[in-house]
Each structure stands twice: as C-alpha cells, then as structure tokens.
Amino acid sequence: MSEKKDMEENIFLIEKAKKAKENSYSPYSNFKVGAALLTENNKIYTGCNIENSSYGATICAERTAFSKSISDGEKKFKKIAIASDLNDLTFPCGICLQVISEFMPKGKIILQDKNGDIKIYAVSELLPCAFKL
Ligand code: THU
C-alpha cells in the first residue's frame, strides 16, 4: 500500500474511533474512549468503554472491539486506532496492550496528538516484553 493510502486509512480509522467513543458508557469516570480495529480482511470493528458499578467489570474500548471481532470469526488484525476526549495521545492500558499483543503482535497503534497529527506506534514498542505461554 502507498504511504498516502496508509495515512488516509489511519485518518479514517481515527474518525471511526471518535464516532465509537460517543457510545461510551462511562458514568463513573466520565472518560469516553473509542477504538476502531482493522482486520486483515479489511473489515473495521469499533468499540467503546463500558463501565460497571462494580468497577472491575469495566471493559475498555479496545477490548470491546477485539471481542466483537473475534466472536464474529475475524482473528487477524493490522491496526487499531484509539480516541478519547483528552486533548492528546491516549495510549492503551497495560491489560489492553497484552490483549493487542496476543492478536496483533506485529500490528500498529494509531493515535492522534494535540495538534491533530497522527502518531503510529508498533505494538512491540509499547509492550516490548509481552507475557507469553
Ligand atoms: N479505558 C479504555 O477504554 N481504554 C484504555 O486503554 C484505558 C482506559 C477506559 C476504562 C474506563 O472506562 C475509563 O477509560 C477510565 O479508566
């Protein structure tokens, strides 16, 4: 894929993540997160964070997207974009990085910084020592 097409795809995924964020159920933290996951078959699965009054039952936006996709039979991925209302980069939490690493070890994480610029991270860069069995 050309660099231009790759960048267009990244911007498209960020927009999808921003839209998914609006479905966030986050009455406890008031912190909305959205994610857009691109499969190897070029399908996009979105997710939002879903909180619970029993806080530990909360699921992050990234893992919602993976759960939707994997339960739909799509298990190989290229990229995930993540958006929040923070006016800067929102990195995936440690648990999400471990899940991302399980299913997309060679994938890319797409974020947007406070200037609107797209930043791309390798999964292995954010979780260099993933736990493996
Ligand atoms: N959250 C995510 O959705 N993704 C992350 O990677 C970090 C945290 C959510 C969980 C919780 O609903 C809220 O953000 C505050 O932690």
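## Close-up views of the ligand site and the sheet

**View 1. Polar contacts of the ligand.** An oxygen atom of the ligand lies 2.9 Å from an N or O atom in the side chain of Asn49, as seen in this predicted model. The backbone takes part as well, since a polar backbone atom of Ala61 is 2.9 Å from an oxygen atom of the ligand, and a backbone N or O atom of Cys93 is also found 2.9 Å from a ligand oxygen. Of the 370 Å² that the ligand exposes when taken alone, the protein buries 79%.

**View 2. The shell of residues around the ligand.** Among the residues around the ligand are Phe31, Val33, Phe91 and Pro92, together with Glu51 and Glu62. When the residues of this shell are divided by character, seven are nonpolar, three are polar and two are charged.

**View 3. The five-stranded sheet.** Five strands form an open sheet in the order β2-β1-β3-β4-β5, and their pairing is mixed. The strands β2 (44-48) and β5 (118-122) stand at the edges with a single partner strand each, so one side of each has no neighbour in the sheet. On average, and ignoring direction, neighbouring strands of this sheet are turned by 20° against each other.

**View 4. The pairing of β1 with β2.** Strands of a sheet pair through backbone hydrogen bonds, in either a parallel or an antiparallel manner. Strand β1, which covers residues 33-39, pairs with β2 in the antiparallel sense over five bridges, and Gly47 in β2 is the bridge partner of Ala35.

**View 5. Helix α2 across the sheet.** Helix α2, made up of residues 61-71, lies across β1, β2 and β3 (77-84), and the helix runs at about 140° to β2.

Definitions and conventions: Residues are numbered from 1 along each chain as its sequence is written. This is a predicted model: local features need pLDDT of at least 70, side-chain atom pairs count only at pLDDT 80 or more; totals for chains, interfaces and linings use all residues. Side-chain values use heavy atoms; hydrogens and water are left out. A residue is near a molecule or strand if one of its heavy atoms lies within 4 Å of it. A polar contact is a pair of N or O atoms within 3.5 Å; within protein, one must be able to donate a hydrogen and the other to accept it, and residues adjacent in sequence count only if both atoms are side-chain atoms. Accessible areas come from the Shrake-Rupley method with a 1.4 Å probe; for residues, only the protein chains shown count as cover. Ala, Val, Leu, Ile, Met, Phe, Trp, Tyr, Cys and Pro count as nonpolar, Asp, Glu, Lys and Arg as charged, and the others, Gly among them, as polar. Two strands pair if DSSP finds at least two bridges between them. Helices (H or I, at least four residues) and strands (E, at least two) are DSSP runs, numbered from the N terminus. Axes are lines fitted to C-alpha atoms, for helices over the stretch in contact, and angles run from 0 to 180 degrees between N-to-C directions. Contact means heavy atoms within 4.5 Å.
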